[in-house]
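Biologist: Please take me closely through one part of this model, one residue pairing at a time. Then walk me outwards from there, so that I can see what else holds the assembly together.

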Amino acid sequence: MSICVLRAQMLPCKTVLSWTRGTGNRCDIARLRKCGVCYVPNLSPVSFPSRTLSNLATAHSGLARREMAENEALSRRQKVLTIDTMNANIKKVEYAVRGPIVQRAVQIEKELKEGVKKPFNEVIKANIGDAHAMGQRPVTFFRQVLALCSYPELLDDDKFPEDTKYRAQRILKACGGSSIGAYTASQGIECVRQDVSRYIERRDGGVPCDPDNIYLTTGASDGIVTMLKLLTAGEGRTRTGVMIPIPQYPLYSAAIAELGAVQLNYYLDEDKCWGLDISELQRSLQAASKHCNPRVLCIINPGNPTGQVQSRERIEDVIRFAAKERLFLMADEVYQDNVYAEGCKFYSFKKVLYEMGPEYFNTVELASFHSTSKCYMGECGMRGGYMEVINMDSEVKAQLTKLVSVRLCPPVPGQALMALVTNSPQPGEPSHAQFLKERTATLGDLAQKAKLTEEILNTVPGIRCNPVQGAMYSFPQITLPERAIREAKEKGQAPDMFYCMKLLEETGICLVPGSGFGQKEGTYHFRMTILPPADKLKILLSKVKEFHQRFTKCYS
Amino acid sequence: MTENSVVHRGKVLTLGTMNPSVKRVEYAVRGPIVQRAVQLEQELKQGIQKPFTEVIKANIGDCHAMGQQPITFFRQVLALCCYPDLLEDNRFPEDTKTRARRILQACGGGSLGSYSASQGIEIVRQDVARYIEKRDGGIPCNPDNIYLTTGASDGITTMLKLLVSGEGSSRTGVMISIPQYPLYSAALAELSAVQISYYLDEENCWSLAVGELQHALEAARQYCRPRVLCIINPGNPTGQVQSRQCIEDVIKFAAEQNLFLMADEVYQDNVYADGCRFHSFKKVLFEMGSKYSDQVELVSFHSTSKCYMGECGFRAGYMEVVNMDPEVKVQLTKLVSVRLCPPVPGQVLLDLVVNPPLPEEPSYRTFFEERSATLAMLAEKARMTQQILNEVPGITCNPVQGAMYTFPRIQLPPKAIAQAKEKGQAPDMFYCMKLLEETGICLVPGSGFGQRDGTYHFRMTILPPTDKLKIVLAKIKEFHQSFTEQYS
């Protein structure tokens, strides 16, 4: 890097003639003065005390010399942007869900297409919660309305039920020029934000929701990153610390790394079905207070990658903790409809907060995130989402609104979809029966696959799996033989990466190693989605079983 | 701290404790004047009497909102992709169905609802690469160098993010034109990079002089490390189209001074003036020979929001990176993977833009007619805007050679300037605010884009329908005259 600086400074400043100018700008003059440069108006040359000689020399030289200098400069030119000169925070970013194992999976898919022989004939990507890619069908009602919004000429087509047309017309009317090609308000289309707030009120049994507190986003990820960006401040010991669960969804660690914030880990208790323990939050916070300023507590409920669903009581405890320790709460609730286990129920942080009374409801700052990508919708590609902010300082809210305005607006098809998700067909409307049938079938199917996954994995000696109470993933612990761990370390790989890579090469199954999400030292896991169709999921699970036995034997 | 004290707790997140870089962000295109315009609209709806009956938003390049019709072909394919049952319907031409099938086949599970590769769907990137090759007269383009984005803004921010490093006097400096599109200053503020302003020459139709670049660079080297040069061509808000020679000069300058080039080329189809032509930086770079084309690092941005498409709401775009260090490219790919993928409907739309109907296909005629009509209309409005504004004493306006805006200079009486300053407002903000309150016309003051000290401007889009545009221009003329009178 230092060579680069030197080179830059040595470059001859050869265009003095062309940069003398008549029209002086106060700003520039001030800057030049500050730099010890004497500015002489009326087209006279400008002098840089330390460079005067070389400047003048070059100014007097002819074109040939200029050309020579250029060639010289070019031949010495190194890239401006290299691994050493790039943003150092970006280098620290890691995102395992689309990391090296997935890149290898894509490569293998190409090899299969080219006819390369493998011990399998297809790659099964169980690495990411991508429901449609795994064969889940989109909800008909959503897609009909989106088609109508895209091509409004279809509004005269009687193949489309009346309620889809009514919805499309309502959305189009709220768009500039009645086109989803117009920019919307940066916070999102107003009538969509109203739909979202009514949805939240219904969900939370009447707890009021103000549409002004709703920000539509480009998927939940966008909202989470935006909030963390607002929250990160300070330097050194006053730098913002952000508490996140371990295991976590790696968007959090990635965003924290990018922002140069401090990641504070609190560990979920695997032995108690990935439960959250307040004393663990306390421990983590205390340890952190010495080297940063902990200000944010992130919760993922239902859990990703761990699949636990928090009890109402635990949520109350967390809110009390946040209130006591003055933490800003971020509740990632994108799996709110994905609750399968008996006795489990989704409680929103907002509802619990409200029910704890005004001393909490009027003070604790909370942002809650939702998305069109999960639940029964699985519309990941649309990048729709929203966040609700509660008790946000009004000046900060103005800053948030300004910040999101720079990116103009979230994608409008995603906003339209969010309107449909939060304002779905009602009993009595023509689309209601089919909508209900499709939603129920998808959720029923997921519940069944959650159970199946847990059951089959737990039959494998050396694999131990908590119930998948909710969300879309299983995160089983795997016992790895000492020799495998050694061999992995020799290769510079995390042992569970070594395991997952071998699994991929031998079976075509793509999972994400637990090390990508974080785990207690000395334990190993993988994350697997429960999304493949039931028959394929069965095959997949039996292949994982076989592989694990073979792997254990091979390295014992 | 006892639990009872929660009642007295101050907020965690306040103006005093929030990210200070975010506080410095400004984005005039959607700033206070637009917020007031939205308020006025609501007041009109509530029946409050105003000296006008509607608010006309000429503040933002939002074509469809101004009545431009979407291209039928694009929207038909999008409808088919959203709801593939329509593939059975014979109201859709065959070529729309072929496109839809091809795209759906490239999506996981045949659905737009799947995540795509983070860099974008592979066939879309291939189509983009072929489009660029055709545009640039055969200069090769590798689909691996194409990254699909969530609008061009996303690409620009991502690249700046990669490029910013160092502390103090080694902090990355980024050269941007003044006047500029405020996304740049906003992104630089957010990233705490150093903004290096170079001024476009209003007297010479907002052209760029390499001497001015040199001047800005030398000054900046004293306090930061200049590493990036951003160019907007055709210009926003200034509407100039760069000559081939000027582009060559800029490339030479970037090469000599070791600068990473960022070329914002989202208005590449919006060139109206006789004798002007769009030349891509990529093409010129390659025509300058391997001495340059093997070395100069360049990224170019494009979008579905401008040109004849105007599909802003889809948030689609791409960037092409040229000569990027392979290790950095890996980092870029990793970085974009955190956000999973650009919105898929936008990726589809981009594919249609770069791979439009061919002359022998059934949709060609309609497509061609719609595109030509839109571009011709824009050219006509560009000419008209310039002409009418230049008739107003105290307003001088460069030709709108391209893009979608005029950025005329306005003479403000000293009394108005004094009054604005008393109110703590930029004089052109004061002017635009008054214009809005009196006429319902929403423009953006020049101060939001940057301008030479002591000069005042506004940015106005040329997008309203011709008859409305005429009224807007007449109203501005009237307003300017009465404003000048009032403050003289």
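**A strand pairing in chain B, and outwards from it**

Modeller: Happy to! Let's begin with B:Y405, whose bridge partner in β14(B) is B:T461. Please keep in mind that the model is a predicted one. The bridge belongs to the pairing of β10(B) with strand β14 (residues 458-461) of chain B, which is antiparallel and runs over two bridges. These two strands are part of an open sheet of three strands in chain B, ordered β10-β14-β13 and paired in the antiparallel sense. Its edges are β10 (405-406) and β13 (444-445) of chain B, each of which pairs on one side only. As a general reminder, strands of a sheet pair through backbone hydrogen bonds, either parallel or antiparallel.

Now step along to B:I462, in the loop between β14 and α17 (466-486) of chain B. Is B:I462 buried or exposed? Its relative accessible area is 0%, under the 20% cut-off, so B:I462 counts as buried. What packs around B:I462? Neighbours within four places in sequence aside, B:I462 is in contact with B:Y272, B:L378, B:K381, B:A382, B:T385, B:A403, B:M404, B:Y405 and B:L469. B:Y405, the residue we started from, is thus among the contacts of B:I462. For a sense of distance, the C-alpha atoms of B:I462 and B:P413 are 26 Å apart in space, with their positions 49 residues apart in sequence.

Let's move to helix α5 of chain B, where B:R125 is found. B:R125 is buried, at 8% relative accessibility. What does the side chain of B:R125 reach? One of its polar atoms lies 3.3 Å from the backbone oxygen of B:G120, and the side chain also comes to 2.9 Å from the backbone oxygen of B:P143. Beyond four places in sequence, the contacts of B:R125 are B:Q119, B:G120, B:P143, B:D144, B:I146 and B:L148. B:G120 and B:P143 appear in that list too.

The same helix brings us to a salt bridge, in which the side chains of B:D127 and B:R102 meet at 3.0 Å, N to O. B:D127 lies in helix α5 (residues 122-135) of chain B and B:R102 in helix α4 (residues 94-105) of chain B, so the pair ties together parts 25 residues apart in sequence. B:D127 is buried at 2% relative accessibility, whereas B:R102 is partly exposed at 29%.

From here we can cross to the other chain. B:D154 and A:R407 form a salt bridge through their side chains, at 3.0 Å from N to O. This pair joins two chains, because B:D154 sits in helix α6 (residues 151-163) of chain B and A:R407 in the loop between α17 (394-405) and α18 (412-422) of chain A. B:D154 is buried, with a relative accessible area of 16%, while A:R407 is partly exposed at 29%. Another salt bridge links the side chains of B:D89 and A:K159, at 2.6 Å. How many salt bridges are there between chain B and chain A? The count is eight, alongside 53 residue pairs in polar contact. Across the whole interface, 118 residues of chain B are in contact with 127 residues of chain A. Together the two chains bury about 10900 Å², with 55% of that on carbon and sulfur atoms.

The nonpolar side of the picture also involves both chains. The largest nonpolar core has 272 residues, and A:M227, B:M159 and B:M262 have the most contacts inside it. Helix α3 (residues 72-82) of chain B gives the largest share of this core, eight residues. A:M227 touches B:L13 as well as residues of chain A including A:F328, A:F369 and A:V389.

Finally, a look inside chain A. A:E109 and A:K125 make a salt bridge, their closest N and O atoms being 3.3 Å apart. A:E109 lies in helix α7 (residues 100-113) of chain A and A:K125 in strand β1 (residues 124-125) of chain A, so the pair ties together parts 16 residues apart in sequence. Both are partly exposed, A:E109 at 31% and A:K125 at 25%. Elsewhere, a network of salt bridges links A:R312, A:R314, A:E316, A:D317, A:R320, A:K351 and A:E355. Over all chains, the count comes to 57 salt bridges.

How values were computed: Residues are numbered from 1 along each chain as its sequence is written. Chains are lettered from A and ligands numbered from 1 in the order in which they are written. This is a predicted model: local features need pLDDT of at least 70, side-chain atom pairs count only at pLDDT 80 or more; totals for chains, interfaces and linings use all residues. Side-chain values use heavy atoms; hydrogens and water are left out. A salt bridge is a side-chain nitrogen of Lys or Arg within 4 Å of a carboxyl oxygen of Asp or Glu. Helices (H or I, at least four residues) and strands (E, at least two) are DSSP runs, numbered from the N terminus. Buried means under 20% relative accessible area, exposed over 50%, partly exposed in between (1.4 Å probe, protein chains only). A nonpolar core is a set of buried Ala, Val, Leu, Ile, Met, Phe, Trp, Tyr and Cys residues joined through side-chain atoms within 4.5 Å. Contact means heavy atoms within 4.5 Å. A polar contact is a pair of N or O atoms within 3.5 Å; within protein, one must be able to donate a hydrogen and the other to accept it, and residues adjacent in sequence count only if both atoms are side-chain atoms. Two strands pair if DSSP finds at least two bridges between them. Buried area is the accessible area (1.4 Å probe) that two parts lose on being put together, summed over both.
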